[in-house]
Amino acid sequence: MRVQVNEIVLVGAGRTVHLEPGLNIVTGLIASGKTTLIRYLRFLLGGSLGQPPVEARANVAAVSGSVELGDQSFSIVRPAVSTANARIEVAGESETWRLPATTAADGETYVNWLLRQLDLPRIDVPSAPTKPESDTTPVSINDYFLYSYLHQDELGFSVFGHRDTFKNIKRRYVFDITYGLYDLNTAQIQERLRDVQSRLRELRSRRELFDAFFDGTPLESRASIERELGEVNVRLG
């Protein structure tokens, strides 16, 4: 699971930053664009754009970069919009893609493409870990990068226990998946259990609907219907 950004370009703002292997330190005066650069770097790697400064929103039309994922190099161009189906252009050594950001009918999105390139599992996990039947939530590329991008006031909380309950659940799942503590077989069984329970709820709902529909009608009692049918058959005989 290796990610290296060699270059990032803020298209429209005339800003290009080259990064070297190893540690890179970005310095500058207050309001010189350090946080904005990190924001667009995260956006290039599948994160959400949020609310960048007015100057950036007015000038940055897209963000592009040269990125190494695993042992392959890619050129990526992502429009600077928050639309879920905005197309992101990706060019590799022998293939090209034009993928929607986070939403597609067939599931083929940029964030899922990133997971495949990094050989990370695409799985849905229970939103409440102690309740396997609870609604599921996907573990996204943003969840994996939660360990890599830490806000200044969350340096401790993001690693040892996030104050946001939902983010803390995702943080624990990522830890278990990354270090091989999450049992995929158990996850598949839990997914089947949720499917069965969903079908049972649907069947119960249908039965209640039919019972309510026939309540107070001559068709309310199956026993009386069968008795009447028997009497009719006798008369016919």
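Biologist: Let's start with Phe-175: what is its relative accessible area, and how does it count?

Modeller: In this predicted model, Phe-175 has a relative accessible area of 39%, and it counts as partly exposed because that value falls between the 20% and 50% cut-offs.

Biologist: Which helix does Phe-175 lie in?

Modeller: Phe-175 lies in helix H6, which covers residues 165–178.

Biologist: What span should H6 have, and what do its ends give?

Modeller: With 14 residues at 1.5 Å a residue, H6 should span 20 Å, and the C-alpha atoms at its ends are 20 Å apart, so the two agree.

Biologist: Which residues of H6 are buried?

Modeller: The buried residues of H6 are Asn-168, Ile-169, Lys-170, Arg-171, Tyr-173, Val-174 and Ile-177. Just after the helix comes Gly-180, where the backbone takes a positive phi of about 70°.

Biologist: And on the surface, which residues form a nonpolar patch with Phe-175?

Modeller: Tyr-179 and Leu-181 form that patch together with Phe-175, and the accessible area of the three comes to about 360 Å².

Biologist: Switching to rings, how many aromatic pairs are there?

Modeller: The count comes to six aromatic pairs. One of them joins Trp-97 and Trp-113, whose ring centres are 5.3 Å apart with 55° between the planes, which makes the pair tilted.

Biologist: Where in the chain do those two tryptophans sit?

Modeller: Trp-97 belongs to strand E6 (residues 96–100) and Trp-113 to helix H3 (residues 110–117), so with their positions 16 residues apart in sequence the pair links distant parts of the chain.

Biologist: Is Trp-113 buried or exposed?

Modeller: Trp-113 counts as buried, because its relative accessibility is 0%.

Biologist: What about Phe-175 and Tyr-179, what kind of ring pair do they form?

Modeller: The rings of Phe-175 and Tyr-179 form a tilted pair, with the centres 4.8 Å apart and 40° between the planes. Tyr-179 counts as exposed at 58% relative accessibility, while Phe-175 is partly exposed.

Biologist: Which residues are linked into a cluster by ring pairs?

Modeller: That cluster consists of Phe-74, Trp-97, Tyr-110 and Trp-113.

Biologist: OK, charges next. How many salt bridges does the count come to?

Modeller: The count comes to five salt bridges. Among them is the one between the side chains of Arg-2 and Glu-68, at 2.9 Å from N to O. Arg-2 lies in the segment before E1 and Glu-68 in strand E3 (residues 62–69), so this pair ties together parts that are 66 residues apart in sequence.

Biologist: How do Arg-2 and Glu-68 each count for burial?

Modeller: Arg-2 counts as partly exposed at 38% relative accessibility, whereas Glu-68 has a relative accessible area of 19% and is buried, because buried means under 20%.

Biologist: Which residue forms a salt bridge with Lys-170?

Modeller: Asp-143 does, and the closest N and O atoms of that pair are 2.8 Å apart. Asp-143 lies in helix H4 (residues 141–144) and Lys-170 in helix H6, so the bridge ties together parts that are 27 residues apart in sequence. Both Asp-143 and Lys-170 are buried.

Biologist: And where do Arg-206 and Glu-202 lie?

Modeller: Both lie in helix H7 (residues 184–214), four residues apart, which is about one turn of the helix. Their side chains meet in a salt bridge at 3.0 Å, N to O. Arg-206 is partly exposed with a relative accessible area of 44%, and Glu-202 counts as partly exposed at 43%.

Biologist: Back to the start of the chain: how do E1 and E2 run, and how many bridges join them?

Modeller: Strand E1 (residues 3–11) and strand E2 (residues 15–18) run antiparallel, and four bridges join them. Leu-10 stands opposite Arg-15 in E2. The two strands form a hairpin with three residues between them, and in the turn Gly-12 has a positive phi of about 105°.

Biologist: Last one, Arg-39: where is it, and how far is it from Pro-52?

Modeller: Arg-39 is in helix H1 (residues 34–44) and counts as partly exposed at 25% relative accessibility. Arg-39 and Pro-52 are 13 residues apart in sequence, and their C-alpha atoms are 7.6 Å apart in space.

Definitions and conventions: Residues are numbered from 1 along each chain as its sequence is written. This is a predicted model: local features need pLDDT of at least 70, side-chain atom pairs count only at pLDDT 80 or more; totals for chains, interfaces and linings use all residues. Side-chain values use heavy atoms; hydrogens and water are left out. Rings of Phe, Tyr and Trp (its six-membered ring) pair if their centres lie within 6.5 Å; planes under 30 degrees apart count as stacked, over 60 as edge-to-face and the rest as tilted. Buried means under 20% relative accessible area, exposed over 50%, partly exposed in between (1.4 Å probe, protein chains only). The expected span of a helix is 1.5 Å times one less than its number of residues. Patches are made of residues with over 30% relative accessible area and no salt bridge: like charges are joined within 9 Å, nonpolar side chains (Val, Leu, Ile, Met, Phe, Trp, Tyr) within 5 Å. Accessible areas come from the Shrake-Rupley method with a 1.4 Å probe; for residues, only the protein chains shown count as cover. A salt bridge is a side-chain nitrogen of Lys or Arg within 4 Å of a carboxyl oxygen of Asp or Glu. Two strands pair if DSSP finds at least two bridges between them.
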